Each structure stands twice: as C-alpha cells, then as structure tokens.
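Work through the exercises below with the sequence and the coordinates at hand, and try each task before reading its solution.

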Amino acid sequence: MSEKPSNQLFPVFLQLNRLYTLLVGGGNVALEKLTALLGNSPGATIKIVAKEISPAVRTFVRDYPSVVLHERVFEDGDLDGVDIVVVAADNAELNVHIRNESRKRHLLINVADKPDLCDFYLGSVVKKGNLKLGISTNGKSPTIAKRLKELLNEALPEEIDETLTYMNQLRDLLKGDFTDKVRTLNAHTVSLLASQEKK
C-alpha cells in the first residue's frame, strides 16, 4: 500500500530580531512580506534592495528604524552577512539567480509564489499575546489557511495571555523532578482551560 504524500514541513519560530534579513523587491508583494515579517517581529533588522521602491513600502517602514532601503539593482554582495533571504521580485531569472547564490552561502530563502525555489514559507499566524500558532497547508490552499486563522482568532479567548503568564510563574515556583512538574502543570492547565470555557 502506497503512503499518501504528507506535509514534510517542520514548523519553527525564528527570532528575527536576532537575525539579519534581506528582502529583494519593493512593490506590493514586498509590502505583503514586510507586513508579515514586521507584524510578527517589529524589531527585525531588514535590508531592502529593489530597483524601484514603492511609496507604500516607504511609508510602511518609516516606523521601523531597523529597516534600511537601497533603491538599486540587486548585487550578489547583498547576500553577504545576512541570515535569511526573502525575494519578492517579479523577475524569474533573478529569482533563480538569487536562490542559487543563496544556496552557495547556505542561506535559507523564500521566493514569493515560487514554492519550488523556497526553503521555507511564510504561513498564516494566529497571535494572542505571547501565544502564536503557525498554520500550513503545504501550499495547497492559502484560502483555507486564512479561514483557519480567522476561526482560531475568534475561538481563542483574549485572556489566554494571562493564563500563559500564570503558568510561567507557576513553573518557576515548582519543586521536584521534571515528571512531577509536568504532572502539576498539566493538572493546572486542565482546570484553567475549564474555567475559561465557562466564561
């Protein structure tokens, strides 16, 4: 019996505020990528390189001092010293070139609307305070990912952040070995979630 193809993606949460990101492109797609990156990590350091940078991108980045604009064509040297690369350029030849150069430098790359050129995707993210949930459909349906994000945003209570803070404080106070701590935290989680559901 043959196995059904599965989602091989491994979800991770990057501390973008500790990394250096290169974004190639300055149009509407670049703005979408910027919105996602800075919406999740406002302190991210991002270098934008594009032949033309739209007024919308310029306006958006005004409030982010760690974003630097370079209005010029991409150069291979732009990849030096960066940690991850996001490409939002409407140029197939340039996309492939940047991917090849990124691979030589062992850099992770995301190319907008080109899954075959990507090492990672920017998925839908649900945010409630310190809680973040990433959603992936393995590129099959961004529409479903967006709808799931809306549903989860509605379903998760705003008080979930208070619960997370309480559980963190409790964890710091607990004595005993790992198994004892997990057992105690699990018991408190059940009671906290039950009280949330009654509200």
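**Exercise 1. Find which residues Leu34 touches beyond four places in sequence, and place Leu34 in its core.**

Step one: leaving out residues up to four places away in sequence, Leu34 touches Leu23, Gly39, Ile46, Ile48, Val57, Phe60 and Val61, where contact means heavy atoms within 4.5 Å. The model is a predicted one, in which local features need pLDDT of at least 70 and side-chain atom pairs count only at pLDDT 80 or more, whereas totals for chains, interfaces and linings use all residues. Residues are numbered from 1 along each chain as its sequence is written, and side-chain values use heavy atoms, with hydrogens and water left out.

Step two: Leu34 is among the residues that touch the most other members of the largest nonpolar core, which has 20 residues. Such a core is a set of buried Ala, Val, Leu, Ile, Met, Phe, Trp, Tyr and Cys residues joined through side-chain atoms within 4.5 Å, and buried means under 20% relative accessible area, exposed over 50% and partly exposed in between, with a 1.4 Å probe and protein chains only.

Step three: at least two residues of this core come from each of helix 1, strand 2 (45-50), helix 2 (55-61) and strand 4 (84-87), and helix 1 gives the most, five residues. Helices (H or I, at least four residues) and strands (E, at least two) are DSSP runs numbered from the N terminus. Another core lies apart from this one and has 15 residues, including Phe74 and Ile98.

**Exercise 2. Is Lys47 buried or exposed, and which side chain does a polar contact join to that of Lys47?**

Step one: Lys47 is found in strand 2 and counts as buried because its relative accessible area is 11%.

Step two: a polar contact of 3.1 Å joins the side chains of Lys47 and Asp78. The term denotes a pair of N or O atoms within 3.5 Å; within protein, one must be able to donate a hydrogen and the other to accept it, and residues adjacent in sequence count only if both atoms are side-chain atoms.

Step three: beyond four places in sequence, the residues that Lys47 touches include Tyr20, Leu23, His70 and Arg72.

**Exercise 3. Describe the lining of the largest pocket by element and by class.**

Step one: the largest pocket holds about 1800 Å³ of space. On a 1 Å grid over the protein atoms alone, a pocket is an open set of points where a 1.4 Å probe fits, with protein on both sides within 12 Å along at least five of seven lines, and lining residues have an atom within 4 Å of a point. Grid points are joined across faces, edges and corners, and the volume is the space filled by probe spheres set on them.

Step two: helix 1 supplies the largest share of the lining, eight residues.

Step three: the lining has 23 nonpolar, 14 polar and 10 charged residues, with Ala, Val, Leu, Ile, Met, Phe, Trp, Tyr, Cys and Pro counted as nonpolar, Asp, Glu, Lys and Arg as charged, and the others, Gly among them, as polar.

**Exercise 4. Locate His106 and Asp113, and state the phi of each.**

Step one: His106 is in the loop between helix 3 (92-104) and strand 5, while Asp113 is in the loop between strand 5 and strand 6.

Step two: phi is near 60 degrees in His106, a positive value in a residue other than glycine, and phi of Asp113 is likewise near 60 degrees.

Step three: His106 counts as exposed because its relative accessibility is 73%, and Asp113 is exposed at 67%.
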